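Subject: Structure handover

Hello,

Please find the structure for your work below. My notes on what was found in it follow.

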Amino acid sequence: TTADISMKQAQVAGDAAKSASQEAAQIANEAFEYQSVQVLKGVGPAVAEKLKRLEIYNIQDVLFHLPMRYEDRTRVTPLGSLQLGQQALIEGTIDHSEIKFAGRGRRSLLCYLSDNTGAVVLRFFHFNKAQQNNLSVGTRLRCFGEARRGATRLEIVHPEYQVLHAVDGVIEQSLTPIYPRTEGVHQTLLKKISEQVLSTINQGRLIDWLPRGLLEAIFDAGSKQRRWPDLVTAISQVHRPDSDADVDRLNECSTLAQQRLLFEELVAHQLSLLKVRMDIRKNRALSLKVTADEYAAFTSKLPFELTHAQQRVIAEIYADISSPQPMLRLVQGDVGSGKTVVAAAAAIAVINAGGQIAIMAPTEILAEQHYVNFRQWFDEDACALLTGKDKGRKREHKLASILAGEVHIIIGTHALFQQDVHFENLVLLVVDEQHRFGVHQRLALREKGQVSAGGENRVPHQLIMTATPIPRSLAMTAYADLDYSVIDELPAGRKPVTTVVVSTARRDEVIQRIESACEKGEQAYWVCTLVEESEVLQCQAAEVAAQQLGNELENVRVGLVHGRMKQQQKQQIVSRFKSREIDLLVATTVIEVGVDVPNASLMVIENAERLGLAQLHQLRGRVGRGSKQSACVLMYQAPLSENGKQRMSILRETNDGFKVAEKDLELRGPGEVLGTRQTGLMQMRIADIVRDECWFPDVKKAARYIIRHHPQSVKPLVRRWLGKADRFVNV
């Protein structure tokens, strides 16, 4: 009826007004979240500049700059009940102070503190005269720190302390949050600004971007996730936990409030990568085909049989590049698994289409090696090598032939993404050892292949290769925007490398082992490392080692290669080693990638405890490339740290790069393992991809649900958790 229609129209109008009202409120709230930190009391331009180092720009960044751990300063622990390793708040009176001197003029201030239950020593390595005077006999102190084992009793090194006068200092009423900080930004400041913002979010001014119904959609009925607190409550509890909260549970990140936030953070990271993947998929790429005859003609030129794993990965790549959507594939294979020939198989399709393939390698040695291989497999005139050593007319000639499309396979180092390099038709981009390149460099090369064709944006297919095995947990988070292939099979005839760990005290035995191997016609590496980052000092150490080994091994021909040698010299030495004119190659870690000598069967790594697991595994991969039984000797300087023992142990136990990578991830963290620290991608605020791996299946479901049903939540969630860090995720 007319009345019903009128009522319906009124209802629609009312709903529209309500929706507009809600939208206006949301915009107002967003304006609140994105206000500059300078609206906060005590934050002027100078302080705001310092906060930028912590990626804190606005109110929302303050809220989501979450504590990394908690300390219990809510009660005083009697000195008599203080336990080794315990972090505690203590009170006492200084009975005695003295300065103790150690070797090389080092000194420390010792203060003997006691109460009516026991005593402890406070040790200060860095102190001034005023501090020494303040910490005099009879002074009453309240301190916080960790109890360690001392010479005669427990001691606390550099405790936080305050002098207590007639009126006792105020004891904290809640657990103390400890925030990530930087130079010039102290805990007091971070606590003050978070306090100001926390007082405002309870007024309903913080939007919860996780959609209603999400938890019901992805979790089983009755699961504890349905009991998670709302966002405001969770944020408040994480910043200011109750005094009766369990500090151990908080530090393990196992409270419901923390679980709710870390889940949202993992979802935000997943969304950022999936969104990038969707955006790139909107572009078009050239569809590339390879016939069975063309593939057979290529494999017939190879001096070896492809493994089943290589054939499977090649089939996956062919399926990708035959599509008009750009390929985004990560190929990982352990050292020596044969990734280069997989890239070569993809090059067949590029040449057929009259396009160009760019292969980017991290070192000139590796680029040269790729160039030699590709010239054997393809027409020599179709290949070009572009590195930093190309100068003048030689470089100009190469650049002109690349621009004219006269060469189809362009292999190079970082020289490929310099501004004067232009491609005629770049349709496939291969990045070898991708984590060694900076984000800006990878992005610059991808953009060189971006063209507008027929009214649409065309981009190159991308193939990313790495010999650093990536743990499943990292692949699911850091590379959620990529398809994923694994070459999990070594070429036939390869034997596992035997790894032994010896102290430098047994150096003479190692020298004899080298002499014995070389007498049998085998070859060896000797890798030098130093604590110092200075390349000059590393090279000097290698020069000294080469001279000493030359003197000790009279019948062994010793060669030397290091990073400060000219590229031509390095290449010459490596070529002589390959042709067996050199028996023992002394090197810095410059040989970590790219040196392939099947006759080399012994690798000695000096001061192995100074290198990371991934690097040691890469170096070990330089041997075991032929049919001979090979060995890797890890020489260490005693005593070994606990971390060092773990690293040596895992290498001795396994040759499996994935097991090595899992342990490396556990010991060092994702940002270090993959070089993603520069992107900010894996710098989680509360989540930990090793500890929280169990959440990944649900995180993936949640991300897909949000993209499908609540796309308006994607951008705010990514912005909230990644801030400015998401600007590089499309490389």
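Which residue forms a salt bridge with R557, and how far apart are the closest N and O atoms? The partner is D583, and the closest N and O atoms are 3.0 Å apart. R557 sits in the loop between α18 (535-552) and β20 (558-561), while D583 sits in the loop between α19 (567-578) and β21 (584-587), so the pair ties together parts that are 26 residues apart in sequence. The two ends differ in cover: R557 counts as partly exposed because its relative accessibility is 44%, whereas D583 has a relative accessible area of 10% and is therefore buried.

Before the rest, a word on confidence. This is a predicted model. The mean pLDDT of the protein is 82, with 83% of the residues at 70 or more. Two stretches should be noted. Over residues 16-25 the pLDDT stays under 50, and the model has zero contacts for them beyond four places in sequence. Residues 726-731 also have a pLDDT below 50, but this stretch has 17 contacts in the model beyond near neighbours in sequence. Where pLDDT is low, the predicted coordinates should not be read in detail.

Overall figures

The protein has 731 residues, of which 53% are buried. Its secondary structure comes to 25 helices and 23 strands. Taking contacts between residues at least 6 apart in sequence, 76% join residues at least 24 apart. The accessible surface is about 34000 Å², and carbon and sulfur atoms account for 49% of that area.

Nonpolar cores

The largest nonpolar core contains 65 residues, and L51, I235, L261, F263 and L266 have the most contacts inside it. Several helices give two or more residues to this core, among them α2 (45-51), α5 (187-201), α7 (231-239), α9 (256-281), α24 (696-709) and α25 (714-722). The largest share, nine residues, comes from α9. As for L261, setting aside residues up to four places away in sequence, it touches L66, L231, A234, I235, V238, I686 and W721. There is also a second, separate core, with 41 residues; F298, V350, I411 and V427 are included in it.

Other salt bridges

The count of salt bridges comes to 29. One of them pairs E264 with R260, with the closest N and O atoms 2.5 Å apart. Both residues lie in helix α9, four residues apart, or about one turn of the helix. Is E264 buried or exposed? E264 counts as buried because its relative accessibility is 0%. R260 also counts as buried, at 4% relative accessibility. A further pair is K398 and D390, where the closest N and O atoms are 3.2 Å apart. K398 and D390 are both buried.

R557 and D583, described above, form a salt bridge between two loops. Elsewhere, salt bridges that share partners join E33, D208, R260, E264 and R720 into one network.

Individual positions

S485 is located in strand β17 (residues 483-487). With a relative accessible area of 1%, S485 is buried. What does the side chain of S485 make a polar contact with? The partner is the side chain of E316, at 2.5 Å. Apart from neighbours within four places in sequence, S485 is in contact with V313, E316, R329, L330, V331 and Q332.

T466 belongs to strand β16 (residues 461-466). T466 counts as buried because its relative accessibility is 0%, and the cut-off for buried is under 20%. T466 and V431 are 35 residues apart in sequence, and their C-alpha atoms are 8.4 Å apart in space.

H617 is part of helix α20 (residues 613-620). At 5% relative accessibility, H617 counts as buried. The side chains of H617 and R620 are joined by a polar contact of 3.1 Å.

Those are the findings.

Regards

Conventions:
Residues numbered from 1 in each chain as written. Predicted model: local features only at pLDDT ≥ 70, side-chain atom pairs only at ≥ 80, totals over all residues. Heavy atoms only, no water. pLDDT = per-residue confidence, 0-100. Contact = heavy atoms within 4.5 Å. Core = buried A, V, L, I, M, F, W, Y, C linked by side-chain atoms within 4.5 Å. Buried < 20%, exposed > 50% of the residue type's maximum accessible area, 1.4 Å probe, protein only. Polar contact = N/O pair within 3.5 Å; in protein donor to acceptor, adjacent residues only side chain to side chain. Areas by Shrake-Rupley, 256 points an atom, 1.4 Å probe, with all protein chains shown as cover. Salt bridge = Lys/Arg side-chain N within 4 Å of Asp/Glu carboxyl O.
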